[in-house]
Amino acid sequence: MGAVVMLVIVSMVTFGIFFQLPKLAGQTTDQLAASYVGKAPTAEAIADVKERLGLDDPLAVQYGRFVKGVFTGQDFSNGPSVEHCAAPCLGYSFRTNEPVLPTLLDRAPVTLSLAVGASLIWLVAGVSIGILSALRRGTVFDRMAMATALAGVSLPVYFTGLVSMAVFVYTFRLWPNGVAYSDFTENPGLWAWNLVLPWVTLAFLYAATYARLTRSQMLETLGEDYIRTARAKGLPERTVIGKHALRASLTPIVTIFGLDLGLLLGGAVLTEQTFSLPGLGSLSIHSILSGDLPMVMGVVLLATVFIVFASLIVDILYAVVDPRVRLG
Amino acid sequence: MNKIKIGASLAACAVLAAGLTACGGDSESSGGTTSTAAYNAANTSVLNPSDKQGGELRFAMSSDWDSPDPGDTYYAFSWNFSRYYARTLVTFKNAPGAEGQQLVPDLAEDLGKASNNNKTWTYKLREGVKFSDGSEITAQDVKYAVERSNFTDELQGGPKYFAQYLVDNAGGYKGPYKDKAPAGLKSIKTPDKYTIVFNLNTPFAEFDYLAYMPQTAPVPRAKDNGLNYKKNIVSSGPYQIDSYDVGKSMKLSRNPHWDAATDPVRKALPDTISVALNQEQDDIDNKLMSGALDMDLAAGGVGPAAQPKVLGGTQKANSDAASGSALTYMTIDGRVAPFDNIACRRAVQYAIDKVSVQTSLGGPISGGDIASTVLPPTVVGHEEFNKYPSAGNAGDLAKAKEQLTECGKPNGFATKLTYRADRPKEVAAAESIQQSLGKAGIKVDLKGYPSGDYFTKYAGSPAFLKDNGVGMAMMKWAADWPSGFGFLQQILDGRTIKPTGNTNLSSTDLPKINKLFDRSTKEGDADARSKIYAQIDNLSMENADVVPLTYSVQLLYRPANLTNVVVSEFLGGQYDYVNLGLK
Amino acid sequence: MTAPIEVSKGEAEAHPEDVLKGVGTQAIQGRSLGRIAWLRLKRDRAALGGAVVIALLILLAAFGPFFLQDPNAYHQDLIDPTMQRPKDGFLHSGISWEHWFGVEPTTGRDMLSRIVLGARISLIVAFLATLVSVTIGTVLGVVAGYFGGWVDTVISRAMDVFLAFPLLLFAIALVGVVPDDMLGLRGNGLRVGVLVFVIGFFSWPYIGRIVRGQTLSLREREFVDASRSLGAGHGHVLFKELLPNLLAPIIVYTTLLIPTNILFEAALSFLGVGVIPPMPSWGGMLSLAVPTYQNTPFFMIIPGLAIFVTVMAFNLLGDGLRDALDPRAR
């Protein structure tokens, strides 16, 4: 229920910001329409486009049309004939006249590939380094790991991305033809190979965060009374760490992981821009900069769906991992 | 004689050669050919002439089409590429230099025949030319293509010259999607299957240039599905589109119904053609150099990363610095104080350091040659002159100060300059202008806007410029066809000023210039027209509201295994795609 | 988003701010905390290093531009126009005795003075934006935590909504539609104002949640009850009793929010919605370097390092402060 309310609010706010803000900033609907006319915006063409896109209608009517499209589908004229866009219909791009939803579904696998691959790397690397660091607190390993992690969270991902491209792609020529995205279904090997750099770059940033987080959680848990009790009972260290400490420390990690992944699935904007990956993130930037409102709506809604969905999953996982939690 | 002069001499050639490729530009006698790859070789000759068929020609580009639909596209590369699958009434000649600016008949048997004082233009179609579905192409299909591309609400991508010049129906024609009456636009007549007649509302001597636009490529009414036609285009050329995955790729294979005997223009050498879209420019350049790709479709020149690699090494012999027919310039709005005083405009003309601007735009190779006239050298009507000379083109501060004093602003003044904020080179040029005008005491505020809105809301809105005191605007302009009229009219004719989407950014409205434009449309003699264009150019520079910066040049790369490579000046310095083949 | 998970009292919701867990509860222990913290901080060499770097950066940003060369002056005599890069210097950087960090390709502008001027923009935007978000976050967080009930529900929901939005996209859209003159501001003043607003306004929920959580646990303490039973008004309890006890987590979080905001500003500039040229910003310099970094790597590395060093310094100081203010820190 909360999730649905969330989606409604987000869609309304998005609609308001993108459709109403330009008008508040002093632009007329003629000017709005003119940007979709092409290179020869005659007065008639502008009027026609305005009518076709319904830009003159009040905001509520436009929003209503959008919502109606989502539930019942919508008809669009492509000129000589009328096309039906079946529910859930997110409308047609103002720029390319392509239906929004298929475009999103077309871009989603790229972002999915990026996010899932990178998250696996950072989860494994970040958490294990964090645990090791906590267990060997104060050692050279701990200091080195934490210094690297601190550097990791201080580096912008587009900078590490550019540096890694400069080094591995253009100097060592490990990818002589560049790192363009290749479909998993066409060639899984090439898909993975070409995604290595984006994965590692993105994972580096997050692994750093996770290592720091895991370490501090772990240290805190190790200081708790029940761990001391367990140790005093003479349980082997392996059991104390593996069964008790780890479990308690990992619960917050799970939460954050879910939310991070949810956010990323909506589009890893900077990473996609840096590596020119044709995912949802680069689609969203492109749509915003070109004023393609229906496409912007689509991406934002999809991103929100991911976030809401991720936090739902997190809640469920949380209950599984931490027996103290009851879903309220 | 009431026709384009060069066209007339060529028409004879086309008739004599009927069915052969002699007029296509590959004949040894014209332009010259060479098989030695050298820097700029394809600028002056057809490189690696060959008739060898077969293979796959691989294109790529860093963006997507506006639309591959011939009736809905405005990019020059698209007009070039569309000739693989769309034959127009006439097209340009496959030849280097000025010869490549000539028009030759394509779907029509001859160039247009003018009558009624250049107000009626008649074309006779070749007989027996077929669509890729096997049906014969008729004059009706051409008429329909013009109607859909110029009169419907849906197809807004292309130019609207036909709508502007053709006599409209009484009450206004709403296009074939709304107006289903069989007569359609009454000013296009098709007296028989192979004849099409255009009736214009004004004399227009250069109508053949409209007939070259992809909008005259025939479209069968029954197969037209408007905005979606781009995904199932019915081909009239030697190749048909097997698949077009928007934003990703296109694949073409031979059109079995295309008959070389009906097509004197195209060699149609490769068996298949592929296009990869939205690729990284750096990757495209690297693949071109390594042989993994044959051609950059967008023809914008190699990227900044590849430029030193191409020019600094052995690859240089495989490249051409192609002159485009585009001008990068800055307009000065005479309605905005203090530019209402011509001396203040002239001060700007003198003060700008054009070498610095050229370097900011990419240097002499990709930034272009320093300009002193509105018309680029590759456009008909160009004459060389410089009304505001300075030593080494680096600006003349003394003269600028003189003009400022005359203008009553001896200590300079403040003004604003708009530019497209998402075009790095234009930003750099604007910053460079700000710097050099600053030395003369002219303080420039930079106003960057997104390019998508530049013409609709900002620089292209005369009211916006005036209300916000924006005295200057950055601009780049290329002609839709390489004549003075095609280049100048949209940017200097006072009657083309529009409240939005304006391209006459200086809001130039001089009666003298307007009259000259009118005279040129009635003038049948091409040489005389050419003189008129030069006169307009002169008047404009005298008026000082256009500051020419550079004539565009782009560094094009051609892999060594390509045949029949030639730079076409007609399309502003692109390789002519139709005859490309593989060794 | 979803209903908060009831873990156990005082733990509030488990979320990113867990890094800071325990800070506030411990800060309640007494006035000597400041002293203890200072003693601890003095021993933390990394944090002190961070503090020194920050101090130097602030000095440099404030006074550097008066001593360095004109950051906008062109030196195109140093540029090879055809190759589009500086003629000399290691890796075509243009580094020389006059230009320690080299010069920009094509314009020849001095990189050192541009980096220093860029520091000014970065720090101003980050500080002001942090101020905005900390102010909003603290006020709303305290109010939500203290009053509870529907007030809490509304504010908490609002925070969820904010956190669910793709911030970067909204920021770009907002910056894009701002007119030329607004609220008496124009030019770069307006741009900086908009950046501050966008960054600050969108990141308040992060600190809001922490403050709310801390307030929830404080609300039930004896001294608050005592104060209330003595007839103190809400205002008194909120600002005289609760707020002082929230200072420690707020300070720590503020220090950690500044580097985040520096990165946010850099990202926005990198994506093309920063200050107006020729005013330099680090993100903007990086994005200028993208097309040419294969030929002139220094042009990319220098602004990247500037961001890195600054953010790192703030993170070091923030970590140090957190450890110092947390008595359990080891």
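Chain A of this predicted model is divided by the domain assignment into domain 1, covering residues 2-85, and domain 2, covering residues 101-321. Taken over C-alpha atoms, the centres of domain 1 and domain 2 of chain A lie 36 Å apart. The two domains do meet: 10 residues of domain 1 of chain A are in contact with 10 residues of domain 2 of chain A. On the domain 1 side of that meeting, 7 residues are nonpolar, 3 are polar and none is charged.

Let us stay with chain A and look at how it is built. Chain A has 13 helices and 2 strands, and its C-alpha atoms fill a box of roughly 85 × 55 × 40 Å along the principal axes. Of the 328 residues in chain A, 47% are buried. If you take the contacts in chain A between residues at least 6 apart in sequence, 65% of them join residues at least 24 apart.

One helix of chain A is a good place to pause. Helix H4 of chain A runs over residues 59-72, which makes 14 residues. From its first C-alpha to its last, H4(A) reaches 20 Å, close to the 20 Å expected at 1.5 Å a residue. Just after H4(A) comes A:Gly73, with a positive phi of about 85°.

How confident is the predictor about this chain? The average pLDDT of chain A is 84, and 94% of the residues score at least 70. Within chain A, helix H5 (residues 100-135) has the highest confidence, at 93, while H2(A) has the lowest, at a mean of 74.

H2(A) also takes us to the neighbouring chain. The contact between chain A and chain B takes 31 residues from chain A and 32 residues from chain B. On the chain A side, the elements that give two or more residues are helix H2 (29-34) and helix H3 (43-53). H3(A) supplies the largest share of that side, 4 residues. Sorted by class, the side of chain A that touches chain B has 11 nonpolar, 15 polar and 5 charged residues.

Now cross over to chain B. Its domain assignment gives domain 1, made of residues 66-241 and 256-267, and domain 2, made of residues 322-554. The centres of these two domains of chain B are 33 Å apart, again over C-alpha atoms. Their contact takes 11 residues from domain 1 of chain B and 13 residues from domain 2 of chain B. The domain 1 side divides into 7 nonpolar residues, 3 polar residues and 1 charged residue.

Chain B also holds an open sheet of 6 strands, in the order S15-S19-S14-S18-S16-S17 and with mixed pairing. Which strands stand at its edges? They are strand S15 (369-370) and strand S17 (443-449) of chain B; each has a single partner strand, so one side of each is left without a neighbour in the sheet. In general, strands of a sheet pair through backbone hydrogen bonds, either parallel or antiparallel. Strand S16 (residues 414-420) of chain B and S17(B) run parallel and are joined by 7 bridges. Along this pair you can find B:Ala414 opposite B:Lys443 in S17(B).

For a single residue, try B:Val357 in helix H10 (residues 354-361) of chain B. Why does B:Val357 count as buried? B:Val357 has 28 C-beta neighbours inside 10 Å, and 20 or more are enough for a residue to be called buried. Leaving out residues up to four places away in sequence, B:Val357 touches B:Ile352, B:Ala429, B:Ser432, B:Ile433 and B:Leu549. B:Val357 and B:Ala430 are 73 residues apart in sequence, yet 8.0 Å apart in space, C-alpha to C-alpha.

Confidence in chain B deserves a look too. Chain B averages a pLDDT of 90, and 95% of the residues score at least 70. Among the elements of chain B, strand S9 (residues 195-199) has the highest mean pLDDT, 97, and helix H1 (residues 5-17) the lowest, 34. Over residues 1-30 of chain B, pLDDT stays under 50, and the model has 64 contacts beyond four places in sequence for this stretch. Where pLDDT is low, the predicted coordinates should not be read in detail.

Finally, turn to chain C. The secondary structure of chain C comes to 11 helices and 4 strands, and 54% of its 330 residues count as buried. Among the contacts in chain C between residues at least 6 apart in sequence, 75% join residues at least 24 apart.

Key. Residues numbered from 1 in each chain as written. Chains lettered and ligands numbered in written order. Predicted model: local features only at pLDDT ≥ 70, side-chain atom pairs only at ≥ 80, totals over all residues. Contact = placed C-beta atoms within 7 Å. Nonpolar A, V, L, I, M, F, W, Y, C, P; charged D, E, K, R; others polar. Expected span 1.5 Å × (residues − 1). pLDDT = per-residue confidence, 0-100. Domains from an automatic or database assignment. Buried ≥ 20, exposed ≤ 12 C-beta atoms within 10 Å, placed from the backbone. Pairing = 2+ DSSP bridges.
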